[in-house]
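The following exercises concern charged pairs and cysteines. Each task is followed by a solution in steps.

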Amino acid sequence: MLEMRNGWELIDSDCMQCQKQVNAHTFKLMEVVWLDTVGDDSRAENAKDEFDNYVVRAAEIDIDLVSKRDIECSISSFGYESIDNLMDSYGETTAENMYPLLAEMLFESDPYGSTPISNTVSWADAEEVIQKIIDDEEKIV
């Protein structure tokens, strides 16, 4: 089980998604992604066995660098019509209060891309990769 420290928070245990706020508008995120085509996938050439079918991906998202249009495209995939609609749903009065959630939605919808930070690994090895970053404060992207 992951141990959170150094400002990291576990925000989704199903995929070990973690987030760290760097400043008021910038967030680091990482998670484990299942490669469902690992058997025939060229990305899995380094897989040790049939259990190595995960990769850890990461991104750093600066909300200030994301256009309003791109934010609204991202949040629409989660069922929100606008930033105001999202804020109303959560009872927030300022967009800044929503930045951690916006960063998570942008990361999950991946319009800005993310960087694989591991080889194709097992679930347990993916957890070790993430824990090492949490413990060592490594740069992830």
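The model is predicted, and it holds four salt bridges.

**Exercise 1.** Determine which residues form salt bridges with Arg 5, and locate the partners along the chain.

*Solution.* Step 1: Arg 5 pairs with Glu 3, with 2.9 Å between the closest N and O atoms. Step 2: Arg 5 also pairs with Asp 135, where the closest N and O atoms are 2.2 Å apart. This second pair links distant parts of the chain, since Arg 5 lies in the segment before β1 (8-12) and Asp 135 in helix α4 (residues 123-136), 130 residues apart. Step 3: Glu 3, Arg 5 and Asp 135 are therefore linked in a network of salt bridges. Step 4: Relative accessible area is 34% for Arg 5, 47% for Glu 3 and 34% for Asp 135; each value lies between 20% and 50%, so each residue counts as partly exposed.

**Exercise 2.** Are Glu 31 and Arg 57, which form a salt bridge, buried or exposed?

*Solution.* Step 1: The closest N and O atoms of Glu 31 and Arg 57 are 2.8 Å apart. Step 2: Glu 31 belongs to strand β3 (residues 26-34) and Arg 57 to strand β4 (residues 54-62), 26 residues apart, and the pair links distant parts of the chain. Step 3: Both residues, Glu 31 and Arg 57, are buried.

**Exercise 3.** Establish why Cys 18 forms no disulfide with Cys 15.

*Solution.* Step 1: A disulfide requires two cysteine sulfur atoms within 2.5 Å. Step 2: The cysteine sulfur closest to that of Cys 18 belongs to Cys 15 and is 8.7 Å away, which is too far for a bond. Step 3: The count of disulfides is zero. Step 4: Cys 15 is buried at 15% relative accessibility, and Cys 18 is buried at 0%.

Technical notes
Residues are numbered from 1 along each chain as its sequence is written. This is a predicted model: local features need pLDDT of at least 70, side-chain atom pairs count only at pLDDT 80 or more; totals for chains, interfaces and linings use all residues. Side-chain values use heavy atoms; hydrogens and water are left out. Buried means under 20% relative accessible area, exposed over 50%, partly exposed in between (1.4 Å probe, protein chains only). A salt bridge is a side-chain nitrogen of Lys or Arg within 4 Å of a carboxyl oxygen of Asp or Glu. Helices (H or I, at least four residues) and strands (E, at least two) are DSSP runs, numbered from the N terminus.
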